[in-house]
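Let's take a look inside a protein model together. Have the sequence and the 3D view ready.

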Amino acid sequence: MHWGRAVAEEAREHGFLGRYFARFCLSSEGRYHTKWLNMMYPRRYLARNLLSEDGVIFISIDDNELSNLCKLCDEIFGEENRVAIFPWRKRTAKSDVPFGVSQDFEWIVVYAKAGFEAGFFIKRKYHYSDDYDEGWRIADLTKQTTAQERPNSFFTMVNPRTGEKYPANPNRTWSITADTFQEYYGKGKIVFPGDYDFLNISRPVFRVFESEDRAKNLERYGVEEAKRSVSTLLPEDVGRTEDGTKEVTDLFGSKVFPFAKPSSLIKHLMKMIPDDDFIVLDFFAGSATTAQGCWT
């Protein structure tokens, strides 16, 4: 509460946020980090209270305050609710930089309530054959365990129909055991090379039925649609600062706002949210990139 009162008093005394930064958050002053934390704490605290039970917050930050932000958010949101830190490449390397090192990345720190589950909706490709009433897909029948780690899965798999043998890889064993092979095969869960002319496989694979995917998705995500996990490696098409600057210039005819983030970055972040019905709040509107991303 002390931090909140301090920020409120200084805001009333010195005016809007930009002037606050200019006068009272200069890096040459010893209290620079303290004042930054004083400014951020009540806003992040309010953000926590505003988050829905499956809500998520994305915070963009550079190297200067990354460590302080994480400590602050660990306290407010809980360290166990830190989802990830995404590195975003904001520019290409520059040559005239301190120490000869170009700091080309900013960071997107993500925290969420317990009900949040990120993911991109995807369309799975299913095969349809006369021997089953529903679609199915194939999946890897091996796992990253060695013969020493899982000796009961290190066996030679034999095709009951042809007698052809498929020895296990000692560095990547089968995901089933010799004892459970017949059970899986009897349920149609194992596909061998030559079972279907349209499949180009050289080793046995696992069969996953469409109904199994739907049931698993429903249990995990609450919907039947398939999803894939989100990688912290952002794709190149999220853009860089130069793309945000171009968007601003195209809209206003000049560079009216410096270092604007591209709306494509915001769109990518919002696509991680597996829902079409949610409210977006931007605490620091800046160049209104978030609004642009939502609108388009």
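Here is a short tour of the nonpolar cores and one helix.

This is a predicted model, where local features need pLDDT of at least 70, side-chain atom pairs count only at pLDDT 80 or more, and totals for chains, interfaces and linings use all residues. Residues are numbered from 1 along each chain as its sequence is written, and side-chain values use heavy atoms, leaving out hydrogens and water.

A nonpolar core is a set of buried Ala, Val, Leu, Ile, Met, Phe, Trp, Tyr and Cys residues joined through side-chain atoms within 4.5 Å. Buried means under 20% relative accessible area, exposed over 50%, and partly exposed in between (1.4 Å probe, protein chains only). The largest core here has 19 residues, and W36, I57, L69, F77, V109 and Y111 have the most contacts inside it. Four elements each supply at least two of its residues. They are DSSP runs, numbered from the N terminus: helices (H or I, at least four residues) and strands (E, at least two).

| Element | Residues |
|---|---|
| α3 | 32–50 |
| β1 | 56–61 |
| α4 | 66–78 |
| β3 | 105–112 |

The largest share, seven residues, comes from α4. A second, separate core of 15 residues includes I108, F120, L234 and L269.

Now for helix α7. T241, G244, T245 and V248 are buried in α7. Down the axis of α7, its buried residues fall within an arc of 100 degrees (taken from the directions from the helix axis to the C-beta atoms), so they line one face of the helix. The face turned away from the buried side of α7 carries the exposed E242, K246 and D250. After α7 comes G253, with a positive phi near 85 degrees.
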